[in-house]
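Please go through this briefing with the sequence and the coordinates side by side. The points are grouped by topic, and each term is given with its cut-offs where it is introduced.

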Amino acid sequence: MSRPGFLLSAWPWRAAAYLSTGAVTGAVVLVGIVTAVAVCGVLVVVLVGLPLLVLVALGGIPVAWVERRRLRLVDRAPVSGRHRVPAAPGLWAWLTTRLREQATWRELGYALLFAVLLWPVDALAVTVALLLPLSVVATPLLMATVGDGHEAKVLKQWTVTTWPTAFGVAVPGLLLLGLGAYALCAAAGARAGLARLLIASREGELGAEVVELARSRARLVDAFEAERRRIERDLHDGAQQRLVALSMALGLARLDAPPGPLADQLARAHEEAGRALAELRELIRGVYPKVLTDYGLRAAVTDAADRCAVPVDVDLELPGRPAEAVESAAYFVVCEALANVARHSGAGRARVDGGHRDGRLFLEVRDDGRGGADPSAGSGLTGLADRVSVLDGRLALTSPPGGPTLLRVEFPCELTEAAGRSA
């Protein structure tokens, strides 16, 4: 309302339309409520009024539905009004669900308030802020049409008999019309705020925000995993191949070089290239192992267990493959757990168990070490817990002093076909 050109924008007219339709709709609601109550009062004697009383209780639902659409005239933010979905199909389940939820009774209360109090306020605001100034502005037109050019009534109170007086009255009418536009918009804003407060579904809005947050979080996880895969592919197909070619070239040059200082330098360079290639392969495996992409979680966990310094038994039964983000997170949880076993536990043996049951993927990593694992001591478990929680999973650690240590992680997910994915 403080912006220049407000009076020439569509907002005053939208406010007038909102309040005018509110007056009409409220009057219709009042007539409907009075009629329903009268019918219930007559038929309740013969035990027919109970169904009608139920209909009256549900009468706020269509009123709130209409009001949410009228709010679009003056409120660009959508107003949610989500009712709960019935647990079973059929009319009876729908009725019991509606009668038990707070939103239905809140909407009924709004309908009663609308019918008794709000629509007269809407009508009064439109009359005072719009119709009265318009009637003053229209004084010359009234004098020319109704009064045959001789006289006109201003607000049914004062008689105007000359044209200069008629136009003189119209000028302050324009000023009143401008002030009325501001008053009309203020009234419409207050009225819309009250309606939003009473009929907006707080649970629905919160639920929508939670759903959108979960979707955005899932998109971020997918984007992160896609970036990891891209880095792994670039390293595997680019830098690793170059290092392999360099190592082969150095090896051939070493064979052709005569014994001497040059041959010794080529041998050292060849060994350094081999070590760099081995480190790069370990880096690629840590970014996103190709075995995980091609053969799935069980093969990747088995590969990680084979590379662990501590002997590890693997018992992981999966009839299919989980989502890529879940599969990746589960693999890195196992890798971090096995790394902790090798570094800190002093264990002689470890075991990885897992499977899929009741819509959840679960993995357990246990060892026979000294125990006493502390997530706050820099073991990486805090980061793993954050990564698991992003996917709505749970991570639990049991590690009493003296051992044994058990790390359990669960992810809600469904399995797809066991066919391998290509990178």
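Tyr-331 has a relative accessibility of 1% and therefore counts as buried, a class that means under 20% relative accessible area, with exposed meaning over 50% and partly exposed anything in between (1.4 Å probe, protein chains only). The model is a predicted one, in which local features need pLDDT of at least 70 and side-chain atom pairs count only at pLDDT 80 or more, whereas totals for chains, interfaces and linings use all residues. Residues are numbered from 1 along each chain as its sequence is written, and side-chain values use heavy atoms, with hydrogens and water left out.

**Aromatic pairs**

- Rings of Phe, Tyr and Trp (its six-membered ring) pair if their centres lie within 6.5 Å, and planes under 30 degrees apart count as stacked, over 60 as edge-to-face and the rest as tilted; by this rule the count comes to two aromatic pairs.
- One of them joins Tyr-331 and Phe-332 in an edge-to-face arrangement, with 5.2 Å from centre to centre and 75° between the planes.
- Phe-332, at 13% relative accessibility, also falls into the buried class, as does Tyr-331 at 1%.

**Cysteines**

- A disulfide is taken to be a pair of cysteine sulfur atoms within 2.5 Å, and a search of the whole structure returns zero of them.
- What keeps Cys-308 from bonding to the closest cysteine sulfur? That sulfur belongs to Cys-335 and lies 9.6 Å from the sulfur of Cys-308, which is too far for a bond.
- The relation holds from the other side too, because the cysteine sulfur closest to that of Cys-335 is the one in Cys-308, at 9.6 Å.
- Cys-308 counts as buried at 15% relative accessibility, while Cys-335 counts as partly exposed at 22%.

**Secondary structure and chain totals**

- The protein chain holds 13 helices and seven strands, where helices (H or I, at least four residues) and strands (E, at least two) are DSSP runs numbered from the N terminus.
- Of the 423 residues in the protein chain, 36% count as buried.
- With a contact defined as heavy atoms within 4.5 Å, residues 24 or more positions apart account for 71% of the contacts in the protein chain that have a separation of 6 or more.
- The accessible surface of the protein chain, by the Shrake-Rupley method with a 1.4 Å probe, comes to about 23,800 Å², and carbon and sulfur atoms contribute 65% of that area.

**Parallel pairing and its crossover**

- Two strands pair if DSSP finds at least two bridges between them; strands β3 (residues 312–316) and β4 (residues 350–357) run parallel and are joined by five bridges.
- Within this pairing, Val-314 has Val-352 in β4 as its bridge partner.
- Between β3 and β4 the chain passes through helix α12 (residues 324–345), and this β-α-β crossover is left-handed; a right-handed one would run clockwise from the first strand over the helix to the second, with the strands pointing away from the viewer.

**Antiparallel pairings**

- Strand β5 (residues 360–367) and strand β7 (residues 405–412) run antiparallel and are joined by eight bridges, with Glu-364 standing opposite Arg-408 in β7.
- Strand β6 (residues 394–398) also pairs with β7 in the antiparallel sense, over five bridges, and the bridge partner of Arg-394 in β7 is Glu-410.
- β6 and β7 form a hairpin with six residues between them, and Gly-402 in the turn has a positive phi of about 95°.

**Positive phi outside glycine**

- Asp-358 has a phi near 55°, a positive value in a residue other than glycine; Asp-358 lies in the loop between β4 and β5 and counts as exposed at 73% relative accessibility.
- Asp-392, which is not a glycine either, has a positive phi of about 65° and is found in the loop between α13 (381–390) and β6.

**Pairs apart in sequence**

- Phe-6, in the segment before α1 (11–43), is buried with a relative accessible area of 8%, and its C-alpha is 8.9 Å from that of Tyr-182, although the two are 176 residues apart in sequence.
- Arg-242, in helix α8 (residues 202–256), counts as exposed at 67% relative accessibility; Arg-242 and Leu-277 are 35 residues apart in sequence and 9.5 Å apart in space, C-alpha to C-alpha.
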